[in-house]
Amino acid sequence: MVAEYRMRMGDGTRRWMTKEQIRADVEDGVNNAVDCAEVPALTEDDICRIVDIMCEKGRTVSVEPGEEVILTQDGGELKLLNDSGSSSPVLEMSRTAAIQVHERALGMDTFEVAYFDPSTKMVKPVIGMEMAHCQNVMYNTIIPMLYMFMPNIGLYYQPTGPFGNPPDLMREFKIDEAMEAGENAMNMMRDDIVFIGERILSTGMDGLDFDTTASGGDLDFVGSLEAVEQIRKNYPDADIQMGMSAESVLGISGMCEYKGQLAAGLYPHQQVKLAEAAGVSTFGPVVNTNSSMSTAWNVARAVTMVKECSKQSTIPLQVNMGMGVGGTPMFETPPIDAITRADKCMIEIAHVDGL
Amino acid sequence: MDANEQMLYDAMISCKVPTVMDAVNKALDAGMSPVAIIDAMSAGMSQVGILFERGKLFLPHVLSAAAAMNKSMETLNPLLTKDAADDGQKIAVVMGTVEGDVHDIGKSITSTMLQCAGYEIHDLGRDVPLKNFVEECKNGCTMCGMSALMTTTMTGMKTVIDMLEAEGIRDKTTVLVGGAPVTQGYCDKIGADIYGESASETAAKVKAIAS
Amino acid sequence: MGLVTHYTSSGLGGIRTVGDLVGRVQLRNKCKISESKKYVMDKLGIGYDEIHDECFMRNFREEHGLGFITTTGGAPYGIEAKINIEDILDIDIACCNHLREVTRLHR
């Protein structure tokens, strides 16, 4: 009887697979990454290593002592307190206490503090309160604290914002209007990011974290990069982290450029170069999990893309390993066997600097 | 794919209206049937959607390809037999992001791809009251597409399905679901018909079920 | 909701060890993990095994006032610890500068 190993699917469900099936999925995941992102394939050693990690018998796996990396949590206190896009435990505690729990009980190395609705457009009206909260946090914690918010250009389109929605306008073949709306929204979003960023940094906060950058495509990405560049002028020493939202930048405009480089269609190893040029300190690449494929497939695919990103990058990488990204299953409470295997592969093979 | 089909397919991927029109005329001159021409162009359009998601083409390209397809239909429609023309009657699809959720980019792209594939789209936008989906289905939409980006809002999808049941129109409506936290398992759990990992996958599954 | 899992599998340990210090250096100097760890080792004057060791680092942090998980009366915590971290790592920390500016304290 052929030995079978416990595997997870991208939606978290359990499945039993033979070593040969796992190997086949790993190779397929690698090939898919090569095809999509046009990156080099993993070496035979890398592939064998992933298969070995997936086939380890233990419930959890870990890196060897001495190989640990920086762990951070984007979305901050929201993960304990309230709904932040996924249902939360809704624990009754203050924001500062929730942050201290992460620092003292959950082993975070750095952390990102966030407002309950952390999109740029929603944070701007409450900036005074957020500045006061940041001051409080900085006096009462030790680990580096960044202030997280999401560029989220989508909220600048109607009905929540003043400008027409480019995809909707394009569907009506109003291409010029769509382009103008997109550019106006990008400019307003960029200015708001600078407004928030500079005020937060003035409180003595260690830095900023842009989460789910490029969720609105190339306009969102370029607007965020321009904002980073502007903030850097007044705060050259600020720690600025940029985390992406998807593995490739959607071409909503298709013509939007940053420093002469077209932003649309870029994959992690290309995105990081623009982030470096803008002055970002740490970059968080994303590779999307396919919920219909196995963890072996998803991890292999993610590691292939991130390995090239790590090779190309001159700044540290903190790869996104939350729900549905980085090979982690798309499930609110991802299974620990899948998480730890994804972590180990990402650190040992893709050589990331943090998670 | 024969040479003419390949020519039409490649022309669609070029996303250039003159190139597509040229290919259509050549295909007609070569004796290809209008239905076969439309099928070859549809295959090209599907690939355009996939290339967009992979970052090889961008949204204006997608719309340009759609414009090319629309322009071709001006030439092809008069040539279709009555039966084929009736078969080409557009299926109406209501699309929207469920109530409480304001994320819509994936939904908008799926709407675009379905529109390019020849469906009549009633896009209600985002934060759509659940009853509005049902109203559109009562008023002629035979497909209902719902998107959610949050685990707290995706539960609205089940509510819409229950409402369709209560109205007695569930069996006449194909329900599509999608969005980051949605999975095939969730689709099966709530009794939806189609789940797409991506916009192009959703469009492909819709076309497969409709054909 | 998998934080503890990530920590036990691959996290440096925050203020249990040198995670916060390495994280701070990594962000400030934009350097990779190995360089960040080396910087911290050099500044603290300790070795690779020590920086990853919770037992060693608990005593080290207490001795140098760098802050740690459990509270003991009077031990530096929060911004007090960060002022000590500034000195030992030879870097500026924004909130410490801000405190000095608004209170006219000197470094």
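The following exercises, each with a worked solution, concern a predicted model.

**Exercise 1. Determine how the dimensions of chain A relate to those expected of a compact globule, and how its residues are packed.**

Begin with the expectation: for 355 residues, a compact globule would have a radius of gyration near 20 Å, and because chain A has 20 Å, the two agree. Next, consider the extent of the C-alpha trace of chain A, which spans about 65 × 50 × 35 Å along its principal axes. Then turn to burial, for which a residue must have 20 or more other C-beta atoms within 10 Å of its own; by this criterion 63% of the 355 residues of chain A count as buried. Finally, examine the contacts in chain A with a separation of 6 or more, of which 74% are accounted for by residues 24 or more positions apart.

**Exercise 2. Work out the strand order of the five-stranded open sheet in chain A, and explain why its edge strands are left without a neighbour on one side.**

Start from the inventory of chain A, which holds twelve helices and nine strands. Five strands form an open sheet in the order β3-β4-β5-β6-β9 (chain A), with parallel pairing. At the edges stand β3 (111-119) and β9 (282-284) of chain A, and since each has a single partner strand, one side of each lacks a neighbour in the sheet. Neighbouring strands of this sheet are turned by 20° against each other on average, direction ignored. For a closer view of one pairing, take β5 (residues 207-213) and β6 (residues 239-244) of chain A, which pair in the parallel sense over five bridges; here D209(A) stands opposite Q241(A) in β6(A).

**Exercise 3. Describe the division of chain B into domains and the side of domain 1 that touches domain 2.**

First locate the domains: in chain B, domain 1 covers 3-86 and domain 2 covers 90-210. Their centres, taken over C-alpha atoms, are separated by 26 Å. Ten residues of domain 1 of chain B are nevertheless in contact with ten residues of domain 2 of chain B. On the domain 1 side, the elements that give two or more residues are α3 (34-53) and α4 (59-76) of chain B, and α3(B) gives the most, with six residues. By residue class, that side of domain 1 divides into six nonpolar, three polar and one charged.

**Exercise 4. Establish which pair of chains has the most contacts, and how far apart chains B and C are.**

Two pairs of chains touch, and the most contacts among them are between chains A and C. Chain B and chain C, by contrast, do not touch, their nearest C-alpha atoms being 14 Å apart.

Methods. Residues numbered from 1 in each chain as written. Chains lettered and ligands numbered in written order. Predicted model: local features only at pLDDT ≥ 70, side-chain atom pairs only at ≥ 80, totals over all residues. Contact = placed C-beta atoms within 7 Å. Domains from an automatic or database assignment. Helix = DSSP H or I, 4+ residues; strand = E, 2+ residues; numbered from the N terminus. Nonpolar A, V, L, I, M, F, W, Y, C, P; charged D, E, K, R; others polar. Pairing = 2+ DSSP bridges. Axes fitted to C-alpha atoms, helices over the stretch in contact; angles between N-to-C directions. Rg over C-alpha atoms; globule rule 2.2 N^0.38 Å. Buried ≥ 20, exposed ≤ 12 C-beta atoms within 10 Å, placed from the backbone.
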